[in-house]
Amino acid sequence: MEDQQSKIALGLIVKLCENEELRVAANRANSLSTDRVWEFRRIFHGIINNTPTEQITALKLFMSRAWFSRVWILQEAVLAPNIVAQCSSQLLDFEALLKTAMDIRFADAAGMLRALASTKRKLEEGKMPVFDDVMALASKSQSTDPRDKIYGVLAITAEFQPDSEGSFYPDYTSQVPDVFVKATSRIANRQNLGFLRLVCPEHQKSTKGLPSWCPDYTRIGTGLVALGSKKIRDAVTLEGHQSDIKVVGDRLLVVHGFCYDAVDKVAHDMKGLLGLTSNMSGDQWMSGKRGRIETLWRTLIQDEFYNIKPAPKAVGLFFSTMVAVGLGFDKTMPEDQGAIDQELSEWSSIISNLLILEPESRPLLPNVEWVNERRQEHLYTIHECSSIPQRAHDAGLMKELRQLLRSALANTSDKDLAMQVLMMFQNGIAQKLINVHSDTCFFTTKLVQRCSVGDSSAQTGDQVWILQGAWTPVLLRPLENGNYAFVGVLYIQDMTNDEIKDVSRKQEIQRVSIE
């Protein structure tokens with residue numbers, strides 16, 4: 001039976017590889033152009049929708065095999081000049097499998113294969129992948145020995161190649177924490193703090209004895225897209241200051257930077273964030289040209305939508321559904337009617353206050369009157385989605401909404417638009433909210449009142465630092481001995497690279513020791 005399933009799966013892979021229209025669309029989609037990504041999805045889903053369920057099931061089973069998750073496969077597949085994939089008695093050119101991965105979006109292994117294809121191309125072009133990119137691969141891989149999270153990628157990581165500082169070889173006599181610290185120290189000594197994005201919250205670390213700044217490579221953090229309307233791809237450079245990052249005694253990370261601000265008020269859920277924002281007075285609100293509501297929805301999705309930064313303004317029409325997800329309006333209600341009434345009363349008060357502060361944002365805010373009625377039916381989110389075409393009319397954003405939905409036909413009914421809205425929300429925005437806000441919290445900064453997203457353990461008094469060599473702003477917690485503990489990376493809405501450069505010229509650069 002298993003061999004028969006393999007035959008069916010491999011047959012579908014060959015079919016996808018040989019589809020010229022799909023291959024061209026997949027190559028174009030690599031440019032991350034929104035139009036081309038949507039064109040690819042249209043073609044791919046057209047093929048999949050006309051593929052027998054038996055074949056789809058077989059392909060899912062094939063792509064879920066444990067082989068795809070082994071960390072050692074990374075080196076084996078990338079470095080081998082010629083590979084043939086064998087599944088039971090079936091043989092397949094591995095290159096075909098890599099090409100198919102560009103098309104398959106519903107299987108976990110597809111992400112691994114796409115990354116393998118990209119890494120293989122880099123090596124063929126003479127470019128050795130860097131640590132940050134390789135660890136993004138390794139984070140999805142499995143290994144029996146935790147040390148293999150590092151040892152399994154040594155041969156394909158630029159920073160681990162032999163140099164004047166010597167070689168980095170597998171040593172299974174070393175303890176797991178020592179291996180992780182040694183590997184991270186090697187990266188830090190190359191004046192790169194990109195690994196800070198990989199540090200998961202302290203309470204999630206399963207490897208004990210690690211410094212706060214060292215990632216637990218068995219539980220790599222997802223990181224946050226930082227710095228407002230620009231996605232940082234290079235380390236922060238403080239003008240006029242030479243980078244001097246080093247690890248002292250395998251425990252102390254010594255870096256240079258400046259304290260930009262501090263955490264003021266913290267909210268651990270959606271209602272807290274809305275309340276925090278609505279209670280801020282006008283002179284406290286320093287969000288530039290944007291109002292509260294626009295700043296809020298951009299913060300919730302970290303101002304990115306399908307690789308577009310800043311996100312199109314029409315995405316704000318989904319704000320009410322974002323709120324519904326955050327508040328769990330479609331979940332089972334508590335049996336205590338008094339608790340329900342109290343929650344709805346608090347919610348209604350917050351929204352009413354936001355309407356008073358910013359009446360022009362009414363088309364973007366949730367309809368409080370619908371909450372109790374639709375929530376009992378667990379249909380509140382669907383109801384809000386169905387109202388988005390009308391909200392777009394009211395806000396003068398119908399043209400932008402159609403562009404967002406790739407629905408340029410003027411005669412498309414509001415009912416059809418509403419269905420497209422619901423599909424976009426379920427397939428895109430809802431999942432992004434879950435990914436972005438897993439184990440995070442919201443807070444405002446103290447000096448420059450800005451909405452921010454950071455580690456769930458963030459607390460009032462934690463400091464926002466800009467560090468030489470880091471890819472994002474970071475949260476540091478002052479310790480009694482004058483050193484700091486690393487809390488996590490963070491996202492600050494409306495903060496840009498240009499602002500960092502301007503502020504850094506006026507700040508005193510300090511030496512910081514992180515335990």
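How many helices and strands are there in the chain? I looked this up before anything else and found 20 helices and 11 strands. I noted at the outset that the model is predicted.

**Entry: confidence and burial**

I turned to the confidence values. The pLDDT averages 77 over the chain, and 75% of the residues score at least 70. I then asked where confidence is lowest and where it is highest. The low end is helix α6, residues 94-101, with a mean of 60, and the high end is strand β8, residues 474-478, at 95. I also marked residues 224-233, where the pLDDT is below 50. That stretch nevertheless has 46 contacts in the model beyond near neighbours in sequence. I keep a caution beside this entry: where pLDDT is low, the predicted coordinates should not be read in detail.

For the chain as a whole, I recorded that 51% of its 515 residues count as buried. I also recorded how far contacts reach along the sequence. Of the contacts between residues at least 6 apart, 68% join residues at least 24 apart.

**Entry: aromatic rings**

I looked up the aromatic pairs and found a count of seven. One of them is formed by phenylalanine 131 and phenylalanine 160, in an edge-to-face arrangement. The ring centres are 5.8 Å apart, with 90 degrees between the planes. What does this pair tie together? Phenylalanine 131 belongs to helix α8 (residues 131-138), while phenylalanine 160 is in the loop between α9 (148-151) and α10 (176-188), so the pair ties together parts that lie 29 residues apart in sequence. I checked the burial of the two residues, and both phenylalanine 131 and phenylalanine 160 are buried.

I followed the ring pairs further. They link Phe131, Phe160, Phe168, Phe180 and Tyr217 into a cluster. At phenylalanine 168 I found a charge as well: the charged end of lysine 182 sits over this ring, 5.0 Å from its centre.

**Entry: glutamate 159**

I next examined glutamate 159, which is placed in the loop between α9 and α10. Is glutamate 159 buried or exposed? Its relative accessible area is 12%, and therefore glutamate 159 counts as buried, the limit being under 20%. Leaving aside residues up to four places away in sequence, I listed what glutamate 159 touches: Pro129, Val130, Phe131, Arg186, Ile187, Arg190 and Asn192. For Phe131 I noted a polar contact, in which a polar atom of the glutamate 159 side chain lies 2.9 Å from the backbone nitrogen of phenylalanine 131. I also looked up methionine 128, which is 31 residues from glutamate 159 along the chain. The C-alpha atoms of these two residues are separated by 9.0 Å.

**Entry: strands β8 and β9**

I returned to strand β8 and asked how it runs relative to β9. The two strands are antiparallel and are joined by five bridges. In one of the pairings I looked up, valine 474 has valine 489 of β9 as its bridge partner. The hairpin of β8 and β9 has five residues between the strands, and glycine 482 there takes a positive phi near 95 degrees. Strand β9 (residues 484-489) is mostly covered, with six of its six residues buried.

**Entry: leucine 490**

My last entry concerns leucine 490, in the loop between β9 and β10 (491-492). Leucine 490 is buried, with a relative accessible area of 0%. I compared its position with that of tryptophan 465, 25 residues away along the chain, and found 9.9 Å between the C-alpha atoms of leucine 490 and tryptophan 465.

Methods:
Residues are numbered from 1 along each chain as its sequence is written. This is a predicted model: local features need pLDDT of at least 70, side-chain atom pairs count only at pLDDT 80 or more; totals for chains, interfaces and linings use all residues. Side-chain values use heavy atoms; hydrogens and water are left out. pLDDT is the predictor's confidence in each residue, from 0 to 100. Helices (H or I, at least four residues) and strands (E, at least two) are DSSP runs, numbered from the N terminus. Contact means heavy atoms within 4.5 Å. Rings of Phe, Tyr and Trp (its six-membered ring) pair if their centres lie within 6.5 Å; planes under 30 degrees apart count as stacked, over 60 as edge-to-face and the rest as tilted. Buried means under 20% relative accessible area, exposed over 50%, partly exposed in between (1.4 Å probe, protein chains only). A charge sits over a ring if NZ of Lys or CZ of Arg is within 6 Å of the ring centre and within 35 degrees of the ring normal. A polar contact is a pair of N or O atoms within 3.5 Å; within protein, one must be able to donate a hydrogen and the other to accept it, and residues adjacent in sequence count only if both atoms are side-chain atoms. Two strands pair if DSSP finds at least two bridges between them.
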